Amino acid sequence: LDALEINLSCPNVDQGGLEFGVDPATAAAVITACRAVTDKPIYAKLSPNVTDIKPIAKAVEAAGAAGIVLINTVVGMSLDLNTRTPKLYRGTGGISGAAIHPIAVRFVYEARQAVKIPIIGVGGIDSIDDVLELMLAGADAVQVGHANAVDPQIMEKLIDQLPAALDKYGFETVRDVTHGLKKFPVSVAEWNEVQHD
Ligand SMILES: Cc1cc2nc3c(=O)[nH]c(=O)nc-3n(C[C@H](O)[C@H](O)[C@H](O)COP(=O)(O)O)c2cc1C
């Protein structure tokens, strides 16, 4: 075991999961307590179910986290029209996959503005473009969750596709992606000159 990832953000337990990660003081207290009992690097897995990630990211950095992992699942709800009951046991619960990818990009970008420690981006990665997008937002590395359940070979495929994708988008190394986001906002006139997909 080379490092520990502390999940401060699980929305699928009755108490003591999500609550730790949505407040800077409690998030920092957990990291401080873990820091006291291990010399191994500690990564703080944070929640997107907050208004502002920056104070929480700063608090865990100050408490000694070696890095941040963003995002855990987004709290959602889904109802079964036939049975008129929630599809998830607690009614609400964590949503993963493609629907949350833009939320992950946003949170990685905002945390990147707040901290210097590495960020591992996670959320809705289905393709190599999703990987590069999270890294362009400021992630140093990525994790893949839900897509492994759809295709158990997804990790090998993404690693195989990485060199060609770097070439396609004009990056020399993976590190260049993390630091490659162009400055914005620009004027509306400049914005309109760029062809956006
Ligand atoms: C079935 C399932 C179980 C999960 N269990 C955990 C967990 O135990 N700890 C944790 O930090 N995140 C857990 N997650 C969240 C994922 O690690 C990840 O942050 C989230 O699903 C977003 O990534 P994805 O869209 O690639 O799945 C779980 C997600 C799913 C779908």
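In this predicted model, five strands form an open sheet with the order 1-2-3-8-9 and parallel pairing. At its edges lie strand 1, covering residues 4-7, and strand 9, covering residues 141-143, each of which pairs on one side only. Averaged over the sheet, and with direction ignored, neighbouring strands are turned by 25 degrees against each other.

The pairing can be followed strand by strand from the first edge. Strand 1 joins strand 2 (residues 42-45) in the parallel sense, over four bridges. Within this pair, Glu 5 has Tyr 43 of strand 2 as its bridge partner, while Asn 7 stands opposite Lys 45, again in strand 2. Strand 2 in turn pairs with strand 3 (residues 67-70), also in the parallel sense, here over three bridges. Ala 44 is found opposite Ile 68 of strand 3. As a general reminder, the strands of a sheet are held in register through backbone hydrogen bonds, in either a parallel or an antiparallel arrangement.

Ahead of strand 2, the chain passes through a loop that follows helix 1 (24-35), and Thr 38 has its place in this loop. Is Thr 38 buried or exposed? Its relative accessibility is 15%, and because the cut-off for a buried residue is under 20%, Thr 38 counts as buried. A polar atom of the Thr 38 side chain also lies 3.0 Å from the backbone nitrogen of Lys 40.

Attention now turns to the helix that packs on the sheet. Helix 4, made of residues 128-136, touches strand 8 (119-122) and strand 9, and its direction makes about 130 degrees with that of strand 9. Which residues of helix 4 are buried? They are Ile 128, Asp 130, Val 131, Leu 132, Leu 134 and Met 135. The cover over these buried residues includes strand 8 and strand 9, together with helix 3 (101-114), helix 6 (154-168) and helix 7 (174-178). Just after helix 4 comes Gly 138, which takes a positive phi of about 130 degrees.

The ligand has 13 residues around it, and those that come nearest are Lys 45, Ile 71, Gly 97, Gly 124 and His 146. Several polar atom pairs can be listed for readers who wish to set up the site. The side chain of Asn 7 places an N or O atom 3.0 Å from a nitrogen atom of the ligand. For Ile 71, a backbone N or O atom lies 2.9 Å from an oxygen atom of the ligand. For Gly 97, a polar backbone atom is 2.8 Å from an oxygen atom of the ligand. Taken alone, the ligand exposes 600 Å², of which the protein buries 62%. Two of the residues named here return from the sheet description: Asn 7 and Lys 45 stand opposite each other, with Lys 45 in strand 2.

A last residue to look at is Pro 86, which sits in strand 6 (residues 85-86). Where does Pro 86 fall in terms of exposure? Its relative accessible area is 37%, so Pro 86 is partly exposed. Leaving aside residues up to four places away in sequence, Pro 86 touches Met 77, Ser 78, Leu 79 and Gly 91. By contrast, Leu 181 is 95 residues apart from Pro 86 along the chain, and the C-alpha atoms of these two residues are separated by 40 Å.

Notes
Residues numbered from 1 in each chain as written. Predicted model: local features only at pLDDT ≥ 70, side-chain atom pairs only at ≥ 80, totals over all residues. Heavy atoms only, no water. Pairing = 2+ DSSP bridges. Axes fitted to C-alpha atoms, helices over the stretch in contact; angles between N-to-C directions. Contact = heavy atoms within 4.5 Å. Buried < 20%, exposed > 50% of the residue type's maximum accessible area, 1.4 Å probe, protein only. Near = heavy atom within 4 Å. Polar contact = N/O pair within 3.5 Å; in protein donor to acceptor, adjacent residues only side chain to side chain. Areas by Shrake-Rupley, 256 points an atom, 1.4 Å probe, with all protein chains shown as cover.
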